[in-house]
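Dear colleague,

I am handing over the structure below, and I would ask you to keep it open while you read the notes that follow it.

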Amino acid sequence: EDLKSTAGSTLLAEIRLNGFVHKSGNVEFVLAQSYGFCWGVERAIAMAYEARRFFPKKTIWCTNEIIHNPVVNGDLQKMGMGFIHQDKATGLKDFSVVNEGDVVLLPAFGASIDEMAHLQAKKALIVDTTCPWVARVWGAVETGKRKGATSVIHGKAAHEETVATTSFASSYVVLKGIADAEYVCEYILQGGDKQEFMERFKGATSPGFNPDEDLDRMSMANQTTMMRSETMMIGKLVERTMIRKHGPADLNKHFLTSNTICDATQDRQDAMYKMLGKSAAPPASTMYESLEEEQAELEVQLLSTKIKQSTSSAAMENKMKGPGGDVPDDYSRGVDLVVIIGGYNSSNTTHLVEICEEQEVPVYHIDDASRIGGASGLENLIEHKPLATPVSVAMAGEGMAIARDFLPRGAVRIGVSSGASTPDNVVDECLSRVLAIKAKVDAVPASQAEAEVAPASA
């Protein structure tokens, strides 16, 4: 209840009930039908709030950002919680500040085995907010390890969640996308240059990894914020490769898979395409297509296609955020621009921005309402992170772009979405600023507005 009162939004609740569309004056907001907090993130934040209430006088530390949102992490700091310093060059964290009896929160994307063991040795009280979907991935990795398999993890090697996941594996390789998967599968079938392999996957393999020995038995896993459809394609590609290498009769000896896919990320991406009136192109792999055609007569049902969801993120979110009304028939007729709110280091938020750019729709990625309106809050401008700006640069407060006159005069249809770590109240504040600026823009007579931008006469 505390979380709803501080992070909820009456406006967004009303928009949901109104079929995810809201009209105010000349502005029509079109809200993505899946947006904002996923249930795993909401659970983590609720546990953090509860920890402060349960331990009112204890020192509380977070081993990392609890989630990838600066507003939420700032609120925790205001509650007296500290964040463990991490050296940017080495990635090492300074746990010397943690004393016996201190409370330590593990973030929603988890912590490595070494970190947890170190904190237990220091006799800290651990509050584990790890998302259950992330923990499920760890379980799959542990199962693969017990069976002597190398974990093939679809993710970003430096991402905190993947760092935690790899700590549970004895042998692993991290694949960022289908191109990496095709390279590995070609190596499995044809062999290759070991040095080139290791250079390509530098920082993305386990210590002592040997591609000539460690790619014989594979177990699939994933970073939960990656695209579900891409994760499944990679799984199918690896499975087809092992069928080609070892034959269908021995497939189970060389390939393991289980349900580690979280659908929240994919739901948000599907909702973005629907808002734009577009369809996502399914992930493609020429190598997979070739293997599929070659194996057409084997009549093998891939283990990768049998995975079923045991939990629906959409159902959980409806419980959290309330019901949605009937969506109007013209919901997907397109928008003039899109505002996406989320942390600049949020992987799932960045995917939403990529979709807009792919569809050539003007998009502005901001982390909170302070990016809208300039110093006065009422200027017709928005400071946003271009997709090309590296995360590290953006997190340092640099590399931002300023779009002036981003709100046109007259009617405008604005698409709105937010990352899985973004509170609804932050989105509410952004929409309120847009409405205030738009009212000011439209209040200026057209003749005066044209005169203000006309070039001075000689």
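Please bear in mind that this is a predicted model. A good place to begin is V30, which stands opposite G415 in β15. That contact belongs to the pairing of strand β2 (residues 27-31) with strand β15 (residues 412-418), which runs in the parallel sense over 5 bridges. Both strands are part of an open sheet of 5 strands with mixed pairing, in the order β1-β2-β15-β11-β12. At its edges stand β1 (21-24) and β12 (363-366), and each has a single partner strand, so one side of each is left without a neighbour in the sheet. On average, neighbouring strands of this sheet are turned by 20° against each other, if direction is ignored. Helix α15 (residues 347-358) packs on the sheet, where it touches β11 (337-341), β12 and β15, and its direction makes about 170° with that of β11.

Turning to charged side chains, a search of the whole structure finds 12 salt bridges. In one of them, the side chains of E294 and R244 meet at 3.4 Å, N to O. E294 lies in helix α13 (residues 286-294) and R244 in helix α10 (residues 228-246), so this pair ties together parts that are 50 residues apart in sequence.

Another salt bridge joins D442 and K438, whose closest N and O atoms are 2.5 Å apart. Both residues lie in helix α17 (residues 424-443), 4 residues apart, which is about one turn of the helix. K438 has a relative accessible area of 2% and is buried, whereas D442, with 25%, is partly exposed. Finally, E28, D330, R333 and R413 are joined into one network by salt bridges that share partners.

With best wishes

Technical notes. Residues are numbered from 1 along each chain as its sequence is written. This is a predicted model: local features need pLDDT of at least 70, side-chain atom pairs count only at pLDDT 80 or more; totals for chains, interfaces and linings use all residues. Side-chain values use heavy atoms; hydrogens and water are left out. Two strands pair if DSSP finds at least two bridges between them. Helices (H or I, at least four residues) and strands (E, at least two) are DSSP runs, numbered from the N terminus. Axes are lines fitted to C-alpha atoms, for helices over the stretch in contact, and angles run from 0 to 180 degrees between N-to-C directions. Contact means heavy atoms within 4.5 Å. A salt bridge is a side-chain nitrogen of Lys or Arg within 4 Å of a carboxyl oxygen of Asp or Glu. Buried means under 20% relative accessible area, exposed over 50%, partly exposed in between (1.4 Å probe, protein chains only).
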